[in-house]
Amino acid sequence: MKIIKYFIIIFFTIIHGTPNANEKEFDEWLVDFKVYALEKKISEKTFNLAMSDAVFLPKVIKYDRFQPEFYEDTKTYISKRTSKQKVGTGTKLYESNKDFINSIDNKFSVEKELLLALMGIETNFGTYVGKMDILSSLATLSYDKRRSDFFTKELIIILQLIDAGKIDHNILYGSWAGAFGFFQFMPSTMNNYAIDYDKNNIIELKSTKDSFASAANYINKIGWKKNQPCFIKVKLKENIPKNILNTSAKKLHNKNKFKKLKKYLIKEDSLNSIDENLIGSIITPDKDIIPEAQNLDPAYIVFENYEKILQWNRSLRFGLAVCTLKEKFENAL
């Protein structure tokens with residue numbers, strides 16, 4: 001019996017490591033990271049102030065390995081995020097800030113319905129912005145090997161923003177992945193697109209003015225085209241060449257004019273309203289993720305605006321959910 005217990009202990013140790021091994025390695029990593037941060041011109045004062053309480057967060061590693069974009073089928077994912085309740089909540093928010101939101105729509109040429117959809121899906125209109133210590137989250141993911149380069153860059157950028165006095169480190173609580181504010185901006189997005197819209201010398205992405213203006217500025221600058229479609233749901237012919245189907249959000253291939261893609265579709269009257277010169281590609285988002293998913297269903301033709309949503313969050317389902325909720329707001333407002 002003792003021998004069995006011994007082997008169980010050995011097996012557990014091999015699989016999970018010794019207790020606190022990650023914490024000890026993280027602390028060692030943090031010492032090396034400080035050297036790197038100072039080389040990147042982060043002041044020692046800022047580093048000590050911002051990173052003094054940074055700790056390894058095991059939950060962050062767990063969340064990184066198990067994201068809903070990677071296991072929920074498209075129908076489930078979209079329905080959860082575009083409910084009648086969500087449309088109602090977003091409509092109330094719009095009515096309470098109508099003049100301001102309309103002004104942002106006009107100034108940045110980005111539909112108010114899109115902004116509401118993004119905010120609704122990212123944080124349920126600011127009611128859930130996340131409670132994770134962003135600096136610890138970014139440090140944990142920087143320490144972790146899976147996407148270390150990406151998160152190291154993000155952590156350096158947030159420290160630079162703190163060093164420059166643009167972001168208050170005391171309020172940096174958000175998502176497990178380090179995203180912050182009503183629209184869940186990553187540090188690089190803050191750096192490139194966030195706006196101090198109310199001119200009070202600090203970027204407040206948990207305020208309506210700065211967050212809406214920043215989101216509109218971001219989506220405008222990456223090329224959003226106002227009043228053009230995101231996607232249409234389609235039925236594909238059985239003999240469609242499988243190599244033109246996109247099952248990954250990494251890079252959409254086989255783009256073509258809609259009039260050429262139509263030959264692969266079972267014709268429906270709704271297709272007649274689409275500009276035949278729009279550039280699109282065909283996606284079948286469930287195929288590579290959902291076990292035993294059908295090859296051709298569900299299927300969508302997505303256009304250039306949809307790809308801008310992918311730049312915001314590189315997930316086929318996220319893009320479809322945002323554009324679906326946008327359409328629902330168009331009918332509701």
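A residue counts as exposed when its relative accessible area is over 50%, and as buried when that area is under 20%. The exercises below apply this and a few other cut-offs to a predicted model.

**Exercise 1. Decide whether asparagine 201 and lysine 199 count as buried or exposed, and describe their backbone and setting.**

Begin with asparagine 201, which lies in the loop between α11 and α12. Its relative accessibility is 68%, and because the cut-off for exposed is over 50%, asparagine 201 counts as exposed. Its backbone has a positive phi of about 75 degrees, although the residue is not a glycine.

Turn next to lysine 199, which is found in the loop between α11 (187–193) and α12 (208–221). With a relative accessibility of 67%, lysine 199 counts as exposed, and this residue, again not a glycine, has a positive phi of about 55 degrees.

**Exercise 2. Classify how helix α3 and helix α10 are arranged, and work out which residues meet where they pass.**

First take the geometry: the axes of α3 (residues 44–51) and α10 (residues 148–163) come within 10 Å and cross at roughly 110 degrees. Angles of 65 to 115 degrees count as roughly perpendicular, and therefore α3 and α10 are roughly perpendicular to each other. The handedness completes this description, since α3 passes α10 in a right-handed crossing.

Then list the contact: on the side of α3, the residues are Thr46, Phe47, Ala50 and Met51, and they meet Leu155, Leu159, Ile162 and Asp163 in α10. Sorted by class, the residues of this contact comprise six nonpolar, one polar and one charged.

**Exercise 3. Establish how many residues of helix α9 are buried, and find what reaches the backbone nitrogen of leucine 135 at the start of α9.**

Start with the covering of α9 (residues 134–143): ten of its ten residues are buried, and the helix is thus mostly covered. Among these buried residues are Ile134, Leu135, Leu138, Ala139, Leu141 and Tyr143, and the list also includes Ser136, Ser137, Thr140 and Ser142.

Move then to the start of the helix, where a side-chain oxygen of aspartate 133 reaches to within 3.2 Å of the backbone nitrogen of leucine 135. Leucine 135 is itself one of the buried residues of α9.

**Exercise 4. Determine which form the peptide bond from aspartate 297 to proline 298 takes, and locate proline 298.**

Consider omega first: for the bond from aspartate 297 to proline 298, omega is near 0 degrees, and the peptide bond is cis. As for location, proline 298 is found in the loop between β6 (279–283) and β7 (299–303).

Notes. Residues are numbered from 1 along each chain as its sequence is written. This is a predicted model: local features need pLDDT of at least 70, side-chain atom pairs count only at pLDDT 80 or more; totals for chains, interfaces and linings use all residues. Side-chain values use heavy atoms; hydrogens and water are left out. Helices (H or I, at least four residues) and strands (E, at least two) are DSSP runs, numbered from the N terminus. Buried means under 20% relative accessible area, exposed over 50%, partly exposed in between (1.4 Å probe, protein chains only). Axes are lines fitted to C-alpha atoms, for helices over the stretch in contact, and angles run from 0 to 180 degrees between N-to-C directions. Angles under 35 degrees count as roughly parallel, over 145 as roughly antiparallel, 65 to 115 as roughly perpendicular and the rest as oblique. A crossing is left-handed if the near helix is turned anticlockwise from the far one by less than a right angle, and right-handed if clockwise. Contact means heavy atoms within 4.5 Å. Ala, Val, Leu, Ile, Met, Phe, Trp, Tyr, Cys and Pro count as nonpolar, Asp, Glu, Lys and Arg as charged, and the others, Gly among them, as polar. A polar contact is a pair of N or O atoms within 3.5 Å; within protein, one must be able to donate a hydrogen and the other to accept it, and residues adjacent in sequence count only if both atoms are side-chain atoms.
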